[in-house]
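Good morning, colleagues. I should like to take you through one protein chain this morning, beginning with a single strand and working outwards.

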Amino acid sequence: MNLRGKCSWFGGPQDTGVSPSEGLAFIYKVEDAPQLFLPTQPSGTTGLARRLDPEVFYIACRWDYNQYPKPSLLEHMALVRAPKTGKKFLVYPADWGPHSDTDRVADISPGLMAALSIQTDDEVEVTYPYTDQPEEAIMPYDRIVMSSGHGKIVRGASGSPVPPMLDEVNEARRVVNRTAELLIERGVDVITFHDDTSTSQSQNLNTIVAAHNKETRQLDVSVHFNAFDGNGQGTEVLYVSQQALAADVSTAIASAGGFTNRGAKKRTDLAFLNNTEEPAILLEVCFCDNRGDSDKYNAKFEQICSAIADTLGGKATGETPPPVQPTPDAARVDIQVTGNVVVTVNGKTIT
């Protein structure tokens, strides 16, 4: 299904256009799609439409139930692109609508509208299901800023048992640098940043956020490693508005490294996620103080970085760039030596 037309927003506690008891067309309980909903029912409401999390990326279209039966709509995601800004994201189908009288083709979440940098009645392009499309169709990012967590002076977590495990700052820098190289190979413009100067936590956070916000980009990525007394394990990706992307990246890292997939975790208390001005995710690659995670990370470092690059920039084509051919009229130097070493360059004697 491919649509193009105007859109509006819907869902969540502030959507007074739906009644407090209004449900959804093909999702009947929170357990059917828990990633779409707020943890608790908003006060004074009973319907699922008001319980939708407005920061999650979801969409309502006039689905053809003959082609896409209701249960199947939860099996795939849609790709939504804003022609006005060129931004595009993967989203969850959540409802049927809008009514044809509105002259719109889609209703989307407030969070998605903000991420696309559009307003009501701007146009969107909708492709569903995205898995039917070539892989390059779901490459959403042309320019990314990536930074490592903490800093050279303000250190992060570290595995303390003997033998030593992973150091968060050192390994985060390795992941950022290698992933950036792989993204560049995929045609993505990447800017990297590591804080070598800050001497306090607050200065460190401000420095990192400022480094991101001074750049023109489509996505901000911060790389960290977790720690929990040696007992935690697995991968998780933190977000405020980028739930679908966070889930995809977490799955990719976990699969590549053999980690437990802790999934996408919404966090509204982190300076990086709150203060960067573009869509952002924060990667917790694994637990640096867990022996099992540390061993898996060391063994699968390249695969982990490739998985992140594949998710953010599309899979590598494997094509080798053609060799650079010399220009026919390129400058040529002729050297002639005679007698007592008289050197002539392009007919001119050099003394």
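Let us begin with strand β7, residues 143-151. Seven of its nine residues are buried, so the strand is largely enclosed by the rest of the structure. Please bear in mind throughout that this is a predicted model.

Which strands pair with β7? On one side of the pairing list is strand β8, residues 189-195, which runs parallel to β7 and is joined to it by six bridges. Within that pairing, I144 has V190 of β8 as its bridge partner. Strand β9, residues 219-226, also pairs with β7 in the parallel sense, over five bridges. Here V145 stands opposite D220 of β9.

Let me now step back to the chain as a whole. It has eight helices and 15 strands. Of its 351 residues, 48% are buried. The exposed area of the chain is about 17200 Å², and carbon and sulfur atoms supply 49% of that area. As for the contacts, if we take those between residues at least 6 apart in sequence, 76% join residues at least 24 apart.

I turn next to the nonpolar interior. In soluble globular proteins, nonpolar side chains tend to be buried together. In this model, the largest nonpolar core holds 84 residues, and the members that touch the most others are L36, Y297 and L312. Helix α5, residues 243-257, contributes the largest share of this core, with eight residues. There is also a second, separate core of eight residues, and V240, L270, F272 and L273 are among them.

What does Y297 touch, once residues up to four places away in sequence are set aside? The list comprises L166, E171, R174, V175, F225, F259, V285, C286 and I304. Charged residues therefore appear beside nonpolar ones in that list, E171 and R174 being counted as negative and positive respectively.

My last item is D15, which lies in the loop between β1 (2-9) and α1 (48-51). Where is the nearest side chain of opposite charge to D15? That side chain belongs to R50, and it is 5.9 Å away. A salt bridge requires a side-chain nitrogen and a carboxyl oxygen within 4 Å of each other. D15 is therefore buried yet without a salt bridge. R50 is nevertheless in contact with D15, as are W9 and F10, leaving aside neighbours within four places in sequence.

That concludes the presentation, and I welcome your comments.

Technical notes:
Residues numbered from 1 in each chain as written. Predicted model: local features only at pLDDT ≥ 70, side-chain atom pairs only at ≥ 80, totals over all residues. Heavy atoms only, no water. Helix = DSSP H or I, 4+ residues; strand = E, 2+ residues; numbered from the N terminus. Buried < 20%, exposed > 50% of the residue type's maximum accessible area, 1.4 Å probe, protein only. Contact = heavy atoms within 4.5 Å. Core = buried A, V, L, I, M, F, W, Y, C linked by side-chain atoms within 4.5 Å. Areas by Shrake-Rupley, 256 points an atom, 1.4 Å probe, with all protein chains shown as cover. Pairing = 2+ DSSP bridges.
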